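Subject: Structure handover and findings

Dear colleague,

Here is the structure for your files. My notes on the findings follow below it.

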Amino acid sequence: MNNSLSPREEQSLVVDVKSLEEENRRLKERLNGYSIIFERSLDAIVIFNKNGEFVDVNEAACQLFEMEKYELIGKKMTMFLDLVPPDILMFQQSMLHKFGSFSDELLIKLRNGKVKHIEFSMKKDAFNEFDLVIMRDISAHKALERERIIHEFLFKDVFNRAVDCIVIFDEFGRFIDVNPAFCMSLNLEKEKLLNLSFQQFISKECVDDFVRLLAELKEKGTAKGELSLVRFDGTVKMFELTTTSNVYSGFYMAIMRDVTERKNMEIKLQKSEERFRAIFEQAHEAILIWDDQGHILNANHAASRTFELPLNLLVRKNLLDFLDHDDEKVQRVFGKFRKTGEIRDELTFHMPNGQDKQLEFTMKQGAIDGYHLTIFRNVTERRKMERELRESEQKFRSIFDHSMNGILLWGEGYHILDVNPIACEIFQATKEQLLHRPITAFIPEKERKHFYKLAQQCDRLGEAYAEMDFSNGGKQKIVELSLKKEIIPGVGMIMLRDITERKEMELQLRKSDTLNVVGELAAGIAHEIRNPMTALKGFIQLLQGSIKEDYSMYFNVIMSELKRIESIITEFLVLAKPQAIQYQQNDVCKIMQDTIDLISAQAMMHNVQIVTDFAPHVPFIYCEPNQLKQVFINILKNAIEVMPKGGEVTVRINRLDDSHIRISITDQGCGIPQDKIKKLGQPFYTTKERGTGLGLMVSYKIIEEHQGKIDVESEVDVGTTFHITLPIERVEKEDEHETGIQHI
């Protein structure tokens with residue numbers, strides 16, 4: 001096979017080789033051009049592999065990252081992205097994978113700690129499997145933007161807060177923008193003013209002045225003067241103004257100071273600093289002007305009084321000289337002030353004379369010609385008053401907790417807000433159980449309707465009073481309630497007092513009064529009845545002998561009833577007629593036995609057995625035997641009469657303690673209900689059909705005079721026991737006669 005080429009083929013091959021050489025040359029020139037662009041580009045150009053490692057960088061990239069090229073190659077981009085949140089990085093990566101290219105901004109942190117704000121544009125697989133990123137440092141641009149925003153904010157802040165009027169207007173005098181001070185001066189809303197112009201307010205005598213002012217403003221770019229504006233209500237406002245041209249989008253700005261008051265009061269102040277000085281000097285609050293280092297530059301007389309220094313010495317001081325530098329609150333307050341530019345707080349200031357004052361203050365950064373303004377108010381006395389108020393509250397709490405009466409505070413819906421220990425004791429519940437629950441939950445069910453009416457009365461009249469029965473488990477408890485609506489807004493109060501003992505004393509007092517009345521009545525009744533009774537008995541006896549027919553049954557009935565009337569009169573006389581009583585030592589067992597012997601016949605007639613149980617060696621007691629015998633007869637007769645079908649009466653006598661003996665008489669009768677036991681001993685109260693109630697009343701009185709007491713225990717259908725407790729030794733009262741004579 002022949003491998004040689006034909007002349008035509010050789011010629012074609014030569015042409016192809018030359019073409020390739022030319023293409024290679026052009027590619028080298030283009031690559032050289034790209035290399036020059038790559039190296040000399042002002043933007044940082046970085047080529048990354050799939051692992052995010054630097055493969056190649058240009059000089060601008062080295063300057064951006066402040067590292068040499070050999071230091072960057074092989075490093076990962078992530079080492080500079082500590083400040084970027086992971087979710088932002090994930091979002092940017094997802095956008096790159098989705099669209100193949102992506103542009104955004106990032107914060108990078110260099111190894112020397114410097115932070116740069118960069119703008120980047122990234123192309124995926126720009127060179128085979130390598131990614132291309134172009135970066136630009138925009139930190140300076142961002143700083144300028146922040147500064148512009150701050151300046152704009154400060155301008156708006158000054159514009160809106162300024163005491164002087166600020167007006168933005170065009171070359172024809174039409175209002176473009178006005179601040180609140182100007183609106184207030186003309187007494188018009190901003191929306192209305194923006195449709196008007198200076199010419200609609202300028203007084204006639206100031207028209208030419210305003211024309212000259214506009215001409216000077218257009219010519220020189222600034223102008224000053226005075227202007228009188230007539231408000232719609234006819235009042236005139238006079239202003240000093242300074243105008244400046246082209247301050248905002250080609251518009252003019254006028255700063256106007258209302259000098260109407262100054263003119264009217266003929267105050268010859270010529271500059272705004274002088275007016276400020278008048279306010280500054282006359283202020284009641286202390287005012288200081290100081291610089292960034294804390295040096296006091298100016299102060300008013302109130303500040304001199306507050307800081308206890310003459311003005312000439314105060315302005316040489318540093319504000320921090322009056323504070324504790326190491327105090328955490330001081331550091332926190334000034335840190336916040338430097339950060340926010342203004343603050344309101346209070347601190348303790350140390351005066352040169354050693355006094356400490358609590359001062360409340362408002363600080364404004366750069367308020368006066370770039371210096372800081374602080375206005376102070378002395379709150380030492382107020383804090384002292386607050387402490388005294390807290391102490392007063394503690395005293396109230398002590399009185400509240402230690403009050404002898406129960407106190408309950410209630411709020412909406414009569415829910416309990418607070419209670420003292422006495423109230424807890426009355427309600428028989430702990431404070432925790434009572435709080436935040438309605439009062440009605442602790443009122444006995446039988447008294448709740450009464451309490452609802454009481455609450456309605458309190459709501460209507462502002463206060464209410466009642467007594468309620470809080471008895472529980474057989475133990476009597478009467479509680480006095482006094483309600484007061486809104487002792488303070490939203491809070492009512494209930495005073496509670498346990499008056500059980502007082503009620504018992506009142507009951508005893510009423511019994512005593514009744515006895516006195518009965519005694520007086522008894523004396524009169526006995527006197528008026530006994531004389532006719534004697535005559536009746538005599539004539540009945542004479543009549544009985546003179547009548548021949550047998551009317552003995554009638555005479556017996558008449559004589560029986562007359563004897564009954566006589567016995568009632570005799571009992572009356574026991575109450576009414578003073579009797580001489582000689583107390584002597586006697587054997588109560590013997591007195592009781594004599595009484596039983598006396599009444600045994602009546603007991604046998606009613607089929608009643610009297611059983612005795614006397615303890616051995618019962619001591620003698622000081623008593624009047626006949627009176628005790630009368631008491632025993634009354635009680636034993638009652639015991640026999642309540643057992644019409646017969647039964648057993650048990651009499652026990654024993655020593656109760658070192659000072660007392662007890663006599664117990666128990667029957668097997670029908671018993672006495674609990675609500676009637678407390679009425680026993682009252683005049684004319686009896687449970688018997690034909691009884692007078694005088695027997696037990698006399699018995700109670702006799703035992704009371706013997707310094708003893710009678711207690712009754714009874715159970716219906718079971719029986720009743722009378723316990724008579726008597727002292728062994730009698731204690732003489734101061735008001736008793738020396739002879740021992742007492743009156744019953």
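Let me begin with one residue and work outward. Asp258 has a relative accessible area of 22% and is therefore partly exposed (buried means under 20% relative accessible area, exposed over 50%, partly exposed in between, with a 1.4 Å probe and protein chains only). Asp258 pairs with Lys237 in a salt bridge, with 2.9 Å between the closest N and O atoms (a side-chain nitrogen of Lys or Arg within 4 Å of a carboxyl oxygen of Asp or Glu). Asp258 belongs to strand β10 (residues 251-258) and Lys237 to strand β9 (residues 236-248), so the salt bridge ties together parts 21 residues apart in sequence. Helices (H or I, at least four residues) and strands (E, at least two) are DSSP runs, numbered from the N terminus. Lys237 counts as buried, because its relative accessibility is 15%.

Some notes on the source. This is a predicted model, in which local features need pLDDT of at least 70 and side-chain atom pairs count only at pLDDT 80 or more, while totals for chains, interfaces and linings use all residues. Residues are numbered from 1 along each chain as its sequence is written, and side-chain values use heavy atoms, with hydrogens and water left out.

The chain as a whole

The secondary structure consists of 23 helices and 27 strands. The chain has 744 residues, of which 37% count as buried. Its exposed surface is about 46,300 Å², with 53% of that supplied by carbon and sulfur atoms; accessible areas come from the Shrake-Rupley method with a 1.4 Å probe, and for residues only the protein chains shown count as cover. Among contacts (heavy atoms within 4.5 Å) with a separation of 6 or more, 48% are between residues 24 or more positions apart.

Salt bridges

Side chains of opposite charge can pair when their charged atoms come close. The whole structure holds 32 salt bridges. One of them is between Asp131 and Lys50, at 3.6 Å between the closest N and O atoms. This pair links distant parts of the chain, 81 residues apart: Asp131 is in strand β5 (residues 130-137), and Lys50 is in the loop between β1 (44-48) and β2 (54-57). Asp131 is buried because its relative accessible area is 8%, whereas Lys50, at 45%, is partly exposed.

Arg231 and Asp233 also meet through their side chains in a salt bridge, at 3.5 Å from N to O. Here Arg231 is the buried partner, with 17% relative accessibility, and Asp233 is partly exposed at 48%. Elsewhere, a network of salt bridges links Glu285, Arg344, Glu360, Arg377 and Arg382.

Surface patches

Patches are made of residues with over 30% relative accessible area and no salt bridge; like charges are joined within 9 Å, and nonpolar side chains (Val, Leu, Ile, Met, Phe, Trp, Tyr) within 5 Å. Lys and Arg count as positive and Asp and Glu as negative, while His and the chain ends are not counted. A charge is placed at NZ of Lys, CZ of Arg, CG of Asp or CD of Glu.

Val55, Phe127 and Phe130 make a nonpolar patch of about 240 Å². Of these, Phe127 sits in strand β4 (residues 115-127) and is partly exposed at 44% relative accessibility.

Asp324, Asp326, Asp327 and Glu328 form a negative patch. Asp327 is in the loop between α12 (311-314) and α13 (328-340), and its relative accessibility of 31% makes it partly exposed.

Backbone and remaining points

Gln428 has a positive phi, near 55 degrees, and is not a glycine. Gln428 is in the loop between α15 (421-427) and α16 (431-434) and counts as exposed, with a relative accessible area of 56%. His436, also not a glycine, has a positive phi of about 65 degrees. His436 lies in the loop between α16 and α17 (448-461) and is exposed at 61% relative accessibility.

Leu543 is part of helix α18 (residues 500-546) and is partly exposed, with a relative accessible area of 40%. Its C-alpha atom is 9.2 Å from that of Phe555, and the two residues are 12 apart along the chain.

Regards
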